[in-house]
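Here are my notes on this one, written so you can follow along with the model open. Take the points in order and find each residue as you go.

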Amino acid sequence: MKELLMGNEAIAAAALCAGVNLVSGYPGTPSTEILEAATRRKGEDVYVEWSVNEKAALEVAAGASYTGGRTMVTMKQVGLNVASDPLMSLAYIGVKGGMVIVVADDPGPISSQTEQDTRHFASFSKLPVFDPSSPEEAFKMVFEAFELSEEYSTPVILRPTTRVCHACAVIDIPEKKHRDSPDGFIKDSSKWVIFPRLSYIRHSEIEKRNSLLSDRLSEHDFNQITGDGKKGIACGGISYNYAMETVPGLDNLKIFKIGTPFPFPEKAAVEFLNGLDEVLVTEELDPVIERELVYVCGKYNLNTVIKGKLTGHVK
């Protein structure tokens, strides 16, 4: 069934199609409509709540995830500051049922006190982050995020920005997937209680996991290399669409679209950079992709010139 949906509505619809059991969150533009849409579209078997704050929302979802339920948490970028304490612990403890944390960034800012880039928080907490370029891609990423979360027992961040959250697109919505009921919480202090020894062990495991994820994501459709030539454009999120509006008619141009900025798809980046003289990087908000490409050039002795916010070529 096809529907015309706002990006936030598409994210909610995807979560319900993916079999989410609980959705919690705290209101804040540009994220608010996600939980509102989940409330309108949910069945009787899905629990949805506005929590008292983002920290409580994440903890409610964590409890449900420990039982094996799929959960989604929604907030805006400043809300992640409030939720940062349980977020950092969850990164080490992990989850059982898939958990997707939707953090809507607000470049501008249009309706926020600050312009924070959640990609930094993903790197800080060592959690995978998906960066959609459109409502359609946000819809697809939710499914992948749940699968990745359960496969690696980790929360996964989805980071739409304002123009993705509030854009509209026709979404082809499949029938809701069937999921068995959560099997319940199984007490295990060696897994669910974050003692220093557990953190020490998990740190090593997380580093190995992210290295594997970097290689795996390098081959994912969310990270695409198109075109050819001596000059390139690297971009992520809505900036990819802005670049594509400008590119038509330009020949001999190589494009690198990054949909998973952390763990960064390093192998794909090397493939993209090989043979290029210079690359222009466009992204919202901070020069995250730009810094990663500069690092890759240094690590692999590539002579490609990287231009972007750090060099003053992009504002």
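1. Start with the largest nonpolar core, which has 40 residues. Keep in mind that this is a predicted model. The residues with the most contacts inside that core are I11, V20, M72, F130, F139, F146 and L158. Several elements chip in with two or more residues: α1 (7–17), α2 (32–41), β5 (99–104), α7 (135–152), β7 (156–158), β8 and α10.

2. Pick V20 and look around it. Once you set aside its neighbours within four places in sequence, V20 is in contact with A15, V46, R70, T71, M72 and F146. Two of these names, M72 and F146, should ring a bell from the list of residues with the most contacts inside the largest core.

3. There's another core too, lying apart from the largest one. This one has 26 residues, and among them are A61, L80, V95 and W192. Hold on to W192, as we'll come back to that residue.

4. Now for the rings: the structure holds seven aromatic pairs. Take Y66 and F185, whose ring centres are 6.5 Å apart, with the planes at 40°. Why call this pair tilted? Planes under 30 degrees apart would count as stacked and over 60 as edge-to-face, so at 40° the pair is tilted. Y66 sits in helix α3 (residues 54–66) and F185 in the loop between β8 (168–172) and α9 (189–192), so the pair links parts of the chain 119 residues apart.

5. Are Y66 and F185 buried or exposed? Y66 is buried, because its relative accessible area is 16% and the cut-off for buried is under 20%. F185, at 46%, is partly exposed.

6. F130 turns up again here, paired with F222. Their ring centres are 5.9 Å apart and the planes stand at 85°, so this pair is edge-to-face. The pair also links distant parts of the chain, 92 residues apart: F130 is in strand β6 (residues 129–130), while F222 is in the loop between α10 (196–218) and β9 (224–227). Both count as buried, F130 at 1% relative accessibility and F222 at 8%.

7. Back to W192, as promised. Ring pairs link Y66, F185 and W192 into a cluster. On top of that, K191 lies over the face of W192, at 4.8 Å from the ring centre.

8. One last thing to look up: which residue lies over the face of Y240? That's K257, at 5.5 Å from the ring centre.

Terms used
Residues are numbered from 1 along each chain as its sequence is written. This is a predicted model: local features need pLDDT of at least 70, side-chain atom pairs count only at pLDDT 80 or more; totals for chains, interfaces and linings use all residues. Side-chain values use heavy atoms; hydrogens and water are left out. Rings of Phe, Tyr and Trp (its six-membered ring) pair if their centres lie within 6.5 Å; planes under 30 degrees apart count as stacked, over 60 as edge-to-face and the rest as tilted. Helices (H or I, at least four residues) and strands (E, at least two) are DSSP runs, numbered from the N terminus. Buried means under 20% relative accessible area, exposed over 50%, partly exposed in between (1.4 Å probe, protein chains only). A charge sits over a ring if NZ of Lys or CZ of Arg is within 6 Å of the ring centre and within 35 degrees of the ring normal. A nonpolar core is a set of buried Ala, Val, Leu, Ile, Met, Phe, Trp, Tyr and Cys residues joined through side-chain atoms within 4.5 Å. Contact means heavy atoms within 4.5 Å.
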